[in-house]
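Please open the structure in your viewer and keep the selection panel at hand. The tour proceeds from one selection to the following one, with a note on what is found at each stop.

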Amino acid sequence: MSKAHVTTTINGDVVEYLCEPDQSMLEVLRDNLELTGTKEGCATGDCGACSVSLDGRLVCSCLVLGVEAEGKQIETIEGIADGSELHPIQQKFLENAALQCGICTPGFIVATKALLAKNPDPTEEEARYFLAGNLCRCTGYDKIIRAVLDAAAEMRGAAS
Amino acid sequence: MSTNKDYKWVGTSPIRPDGADKVTGKAAFGADKNLPGMLHGKILRSPYGHAKIKSIDTSAAESAPGVLAVMTSKDLPDLASEMGEAGESAVDFRDLSQNILAAGKVLYHGHAVAAVAATSPKLAKQALKLIKVEYEELPVVLEIEDAMADDAPILHENQFTPGGSQDKPSNIAGKMKLPRGDIEKGFAEADVIVEREFTTPTVHQGYIEPHAVTASMSASGHADVWCCTQGAFVVRAMTAKVLNMDVGKVKVTPSEIGGGFGAKTTVYLEPIAVKLSEMSGRPVKMVMDREEVLRATGPTSASVIKIKLGATNDGKLVAAEGTLKYGAGAYKGSPMGPGCMCVFASYEIPNFVVRGFDVVLNKPKVAAYRAPGAPMAAFAMESVMNEMAGKLDLDPIDFRLENAVKEGSVAAYGPKFPAIGFVETLKAAKEHPHYSAPLGKNQGRGVGTGFWFNIGMQSSATLNVNESGSVTLITGSADIGGSRASMALFAAEELGIDYDLITPLVSNTEEAGYCDVTGGSRTTFATGMAVVKASKNLVANMKKRAAKTWGVEVDEVLWQDGQAVPPFSSGKNPMSMAEIAASAAKTGGPLTASASLTAQGAGAGFGVHICDVEVDPETGKTDVIRYTAIQDAGKAIHPAYVEGQYQGGAAQGIGWALNEEYVYNDKGVLQNFGFLDYRMPVANDLPMIDTVIVEVPNPAHPYGVRGVGETPIVPPLAAVAEAVNNAAGVRITDLPISPPRLLAEIDAK
């Protein structure tokens, strides 16, 4: 099986890579491109630890093939901060102590960014339902949801 | 209730030092370690729940493309049965080795049989298919009481029940008995007796990060191991033991750890990766997938627990009897001991007997899970306490207050309690607005309480003062939930310098002083004590340096707000830590300080949870609509992370109560081996979880700290079940309270 050549954009960088036709986007990111901020928790689309944005749509990168990225725009956790300045979502996760072990955190931050792009003013319930595809076993979600709502308020304030 | 009278840093909640790397994806977890020339290891696992291994032929796999090493249990030294320390509990190293790679028999579906290292994960997986194993299938036993029966299939022909027949092997690996007083007399004095039996299923810790290791064996015979673990020194000890190496030849570097909850205090992959690296001469990386985690790593025990409780009409407990049977999985070592010691620990009961049984089954060997053994025991005991309160027409919290242990009470497991906070915690729960808030239709409220011992064990800490006066703080305690922040807060408080000037590190087994596992809720307590002691040593040293500079006696020098203060008579100005550091070369050389200790006096932790649920009578679905966790922390060093422990433990307990269970078929094959079907709580399953931090200082700790990590998983099971009982009018004694089970009970009512 010969490798496929893919040209795509990841976090604003034009990236070319060779991958096996059956390699997942998650494997390509982690193993081929050394972007290990995206995590594998299950590889079956059930935990959300591998969440990335593909042409603006939130996806589990374990359920996307590496070859599907051809010509697309991918954003991973490594592309969320503006250089060395944290994104408000990242800052609010820190201020709210919304992470304990931190393994689910990249996925939650990517998913939260997708939520707030669609719905800048979510209710607690809307945030909980949108983020139901991201598992956290440490926090009981309380501080994560607070961080999300806090970040939403801050981003609305900055936008107005 | 939080008091912060004299502290500047302790009791505040600054951003954790490792936080920025964890929100940007830079933090390196177990599976993020790669080395040049690295191979990938994969494991062949048993397709049977119980079988004899008649033969293993690895020859085809060995000559497969890209394969550089293949191993089975024959490549591990044959260890004698020998008990050793394993994190918080003991393990038989022979069992540990045979659990890592099966020898002679496979004891559960998914039991590791052989391992391959190849140039890619795909080639390693393909090679596994070429290994020919001939099995003779044996009958499986999955339920505790079936395994205890006389005619049960036997897992270990060489295992005999202590105190039982030494001719006939048994699945009962251990027994214990804790008696006090005279239970016959006690029950005779009782006006009301409640007796019930409870069962809980096998559940998994459910950490999101699968086990992962990268190992490299040098030609010099030194092994380098990188892995996600709660205890690098325990991985070192176990790996060395299983491979018959000296511990000094194994270096373990802990990565960031993506959850553990007790389960990452043992080894599965590490010795295999080291051996494959030795055989191939190349570094070897091994990462489990989720299915392997659920099928083959330690969940916690299923249990069958019977409680009989006697009380007088005025609400005094007079007698109790408990029979606690825990499933150990394939090898002995369920949390029978702590379960039996916990079950009556919260109450003053003059007469009781507790009997415990440790029973092996054709399921994976259990591993520690947050307060091992206690949640099941508390589910049974607290459910009976709630039922008894109802029968006595007493408020459930008042009933507990009437019988609660306090300072001076003799614990059911032996020692006399020093200052403890159970009464204060119960009172805080009763005063909380949640406890008296109105409820709607199909809604109900329940309370449950929890106790956990907490542990001390060994810890070390080193402080290196940089020439600017900032400090590097090194320990070997894995940071699983923000402990770097707590360590830095202790040092900042003691040294009197800013939190931001301290860089706390979790180092490897060759550079950090020995630290036992991050488990038993011990890190903030015990490693914190080592940090405090090392900080005091450093302050003493810095006072000496200042005294030398000033030409005064050291006992004339005070340490205040991060500076040495001279005696007024000297006419000198105070010296800041930065100034002392800058002149260190002239006053005796670099400033470093260390401390090591075996921490004594881990304070017991008590929690009370209040749970409101709404039950849908049409579907049997239960929604938790309000939840409050109240617990004595002794002293909350970083209150936000203390709250996080309360909330996270509550969420795990709610999952255990309502959804989570291992479902096996009759061949012993786990049916729900992914997160879709092993249903842990997601964000829309839970409400906000309110917390109250009670602070009754632990007299044995310089800041009054008690461990807080484990107690929060103990109360929820009974609190949820009681809330369901009050909402739907049915008392569920078998977990989980899943919709089909609850609906059947509602329909049968």
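**Helix α1 of chain A**

Begin with helix α1 of chain A and the residues around it; among what covers its buried residues is strand β2 (13–19) of chain A. The coordinates belong to a predicted model. Helix α1 itself spans residues 25–32 of chain A and is mostly covered, with six of its eight residues buried. To display the buried positions, select A:M25, A:L26, A:E27, A:V28, A:L29 and A:R30. Then move just past the end of α1(A) to A:E34, whose phi is positive, at about 55°.

**Chain A as a whole**

Widen the selection to chain A, which has five helices and five strands. Read from the N terminus, its elements follow the order β-β-α-β-β-β-α-α-α-α. The radius of gyration of chain A is 16 Å, close to the 15 Å that the globule rule gives for 160 residues, so chain A is as compact as a globular protein of that length. Along the principal axes, its C-alpha atoms fill a box of roughly 50 × 35 × 25 Å. Of the 160 residues in chain A, 55% are buried. Among contacts in chain A with a separation of 6 or more, 59% are between residues 24 or more positions apart.

**The two domains of chain A**

Next, colour residues 4–79 of chain A as domain 1 and residues 88–159 as domain 2, following the domain assignment. The centres of these two domains, taken over C-alpha atoms, are separated by 21 Å. Where they touch, domain 1 of chain A contributes 13 residues and domain 2 of chain A contributes 11 residues. On the domain 1 side, select strand β3 (residues 51–54) of chain A, which provides the largest share, three residues. By type, the residues of that side comprise six nonpolar, six polar and one charged.

**Between chains A and B**

Now display both chains: 43 residues of chain B are in contact with 43 residues of chain A. On the chain B side, select α1 (19–23) and α19 (639–658), each of which supplies at least two residues. Helix α19(B) gives the most to this side, with seven residues. The chain B side as a whole divides into 22 nonpolar, 14 polar and seven charged residues.

**The sheet beside α19 of chain B**

Keep α19(B) selected and add β26, β27 and β28 of chain B, across which the helix lies, running at about 125° to β28(B). With β18 these strands form an open sheet of four in the order β18-β26-β27-β28 (chain B), with mixed pairing. Strands β18 (443–452) and β28 (689–694) of chain B stand at the edges, each with a single partner strand, so one side of each is left without a neighbour in the sheet. Direction ignored, neighbouring strands of this sheet are turned by 15° against each other on average.

Zoom in on β26 (residues 605–615) and β27 (residues 622–632) of chain B, which run antiparallel and are joined by nine bridges. Which residue of β27(B) stands opposite B:V615? It is B:T622. Then add helix α20 (residues 716–728) of chain B, which packs on the sheet, touching β18, β26 and β27 of chain B, with its direction at about 160° to that of β18(B).

**Strand β14 of chain B**

Select strand β14 (residues 284–287) of chain B: B:V284 and B:M286 point one way, B:K285 and B:V287 the other way, and all are buried. Strand β1 (residues 39–45) of chain B pairs with β14(B) in the parallel sense over two bridges, and B:L39 stands opposite B:V284. Strand β11 (residues 212–217) of chain B pairs with β14(B) in the antiparallel sense over four bridges, and here B:A215 stands opposite B:V284.

**A three-stranded sheet in chain B**

For the last stop, select β22, β23 and β24 of chain B, which form an open sheet in that order with antiparallel pairing. Strands β22 (558–560) and β24 (575–576) of chain B stand at the edges with a single partner strand each, so one side of each is left without a neighbour in the sheet. Three bridges link β22(B) with β23 (residues 563–565) of chain B, and B:Q560 stands opposite B:Q563. Finally, add helix α16 (residues 523–550) of chain B, which packs on this sheet, touching β22, β23 and β24 of chain B, its direction making about 50° with that of β23(B).

Technical notes:
Residues numbered from 1 in each chain as written. Chains lettered and ligands numbered in written order. Predicted model: local features only at pLDDT ≥ 70, side-chain atom pairs only at ≥ 80, totals over all residues. Domains from an automatic or database assignment. Contact = placed C-beta atoms within 7 Å. Nonpolar A, V, L, I, M, F, W, Y, C, P; charged D, E, K, R; others polar. Rg over C-alpha atoms; globule rule 2.2 N^0.38 Å. Buried ≥ 20, exposed ≤ 12 C-beta atoms within 10 Å, placed from the backbone. Pairing = 2+ DSSP bridges. Axes fitted to C-alpha atoms, helices over the stretch in contact; angles between N-to-C directions.
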